[in-house]
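Grab a coffee and open up the 3D view. Let's walk through this fold piece by piece and see how its parts sit together.

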Amino acid sequence: MSNIILLGPPGAGKGTQARKLVEGRGMVQLSTGDMLREAKTSGTEMGKRVAEVMDRGELVTDEIVIGLIEEKLVAGGGSGFIFDGFPRTLPQADALGRLLARMGQKLDAVIEMRVDDAALVRRITGRFTCGQCGEVYHDETKPTQVEGTCDVCGSHDLKRRADDNEDSLKTRLMEYYKKTSPLIGYYYHAGDLFTIDGLAEIDAVAAAIAGILDQQH
């Protein structure tokens, strides 16, 4: 069983690699956004708290997010967990460490998907997805076979994120580095940090991650 954190700026491919680990190793992806959306409609005590906070337009506290993660860890059901989008700050990293220790678990690896910013901007501004099935495409590296039609489900509902433009992206990258730099140091000091090339081919990145996980056991 492996518990890992995937770190990397927006568009580094964390979601793609997390899906590969879910499919290939039976791990469970814990995405903060997904957990909050799911909790909001779950009807549980924690879910009601999430709904109240979100309905007021406020930010969900670290305490609530840790509570949601604890629920998932207790439920289990996989061969380890992938933390995606959490932690983002040092207090969150501390809280996650305490939670895992309390549950007799540990963090096996923090994998930083490092990228070249200019190449990342090119990668992201060309990206679009199918609104129906979620398949991801790219103008240069993975265009649809028939223009305007999803290869997987045949839908014509192809979308680009409004913030997938150069100016917005540079702002998001700056924000990411500002917040995440302390985490890189924190996990490096703890001996948990592994760095890989996030802009390599998808299969090469997957192989690098698999190599790190296999070393841990």
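Of the 217 residues in the chain, 40% are buried. Keep in mind that this is a predicted model. You'll count 8 helices and 8 strands as you trace the chain. Its radius of gyration is 18 Å, close to the 17 Å that the globule rule gives for 217 residues, so the chain is as compact as a globular protein of that length. If you boxed in the C-alpha atoms along the principal axes, the box would be roughly 50 × 40 × 35 Å. Now take the contacts between residues at least 6 apart in sequence: 68% of them join residues at least 24 apart.

**The open sheet**

In which order do the strands of the open sheet lie? There are 5 of them, arranged S2-S3-S1-S4-S8, with parallel pairing. Strand S2 (28-31) and strand S8 (193-197) are the edge strands, each pairing on one side only. From one strand to the next, the twist averages 25 degrees. As a bit of background, strands of a sheet pair through backbone hydrogen bonds, either parallel or antiparallel.

Zoom in on S2 and you'll find that it pairs with strand S3 (residues 80-84) in the parallel sense, over 4 bridges. Within this pair, Val28 stands opposite Phe81 in S3.

Helices lie across these strands too. H2 lies across S2 and S3, and runs at about 80 degrees to S2. Helix H7 (residues 166-189) lies across strand S1 (2-7), strand S4 (109-114) and S8, at about 145 degrees to S1.

**A helix with two sides**

Next stop is helix H3 (residues 45-55), where Met46, Gly47, Val50, Ala51 and Val53 are buried. Why do these residues line one face of the helix? Seen down the axis of H3, they fall within an arc of 165 degrees, so one face is what they line. On the other side of H3, Glu45 and Asp55 are exposed. What do the buried residues of H3 pack against? Their partners are helix H2 (32-40) and helix H4 (62-75). After H3 comes Gly57, with a positive phi near 75 degrees.

You can look at this packing from the H4 side as well, because Ile64 is in helix H4 and is buried, with a relative accessible area of 3%. Not counting residues up to four places away in sequence, Ile64 touches Met46, Arg49, Val50 and Val53. Three of these names should ring a bell: Met46, Val50 and Val53 are among the buried residues of H3. For a sense of scale, the C-alpha atoms of Ile64 and Asp197 are separated by 33 Å, and these two are 133 residues apart along the chain.

**The annotated lid**

An unreviewed UniProt entry gives residues 127-163 the annotation "domain: Adenylate kinase active site lid". Over that stretch the chain is 0% helix and 24% strand, and the end C-alpha atoms are 11 Å apart.

Strand S5 (residues 127-130) has a covered face, made of Phe128 and Cys130, and an uncovered one, made of Arg127 and Thr129. That fits a general pattern: in a regular strand the side chains alternate between the two faces of the sheet. Here is how S5 pairs up.

| Partner of S5 | Bridges | Sense | Residues facing each other |
|---|---|---|---|
| strand S6 (residues 136-138) | 3 bridges | antiparallel | Arg127 and His138 |
| strand S7 (residues 158-159) | 2 bridges | antiparallel | Thr129 and Lys159 |

S5 and S6 form a hairpin with 5 residues between them, and Gly134 in the turn has a positive phi of about 85 degrees.

**Listed binding residues**

The same kind of record, an unreviewed UniProt entry, lists residues for "binding site", including Ala12, Thr16, Arg127 and Val136. Are Ala12 and Thr16 buried or exposed? Ala12 sits in the loop between S1 and helix H1 (14-25). It counts as buried because its relative accessibility is 1%, and the cut-off for buried is under 20%. Leaving aside its neighbours within four places in sequence, Ala12 is in contact with Met113, Val115, Leu120, Arg123 and Gly198. Thr16, in contrast, is in helix H1 and is partly exposed, with a relative accessible area of 26%.

Conventions:
Residues numbered from 1 in each chain as written. Predicted model: local features only at pLDDT ≥ 70, side-chain atom pairs only at ≥ 80, totals over all residues. Heavy atoms only, no water. UniProt positions renumbered as here; feature names shortened; annotations may be inferred. Buried < 20%, exposed > 50% of the residue type's maximum accessible area, 1.4 Å probe, protein only. Arc of directions from axis to C-beta. Contact = heavy atoms within 4.5 Å. Pairing = 2+ DSSP bridges. Axes fitted to C-alpha atoms, helices over the stretch in contact; angles between N-to-C directions. Rg over C-alpha atoms; globule rule 2.2 N^0.38 Å.
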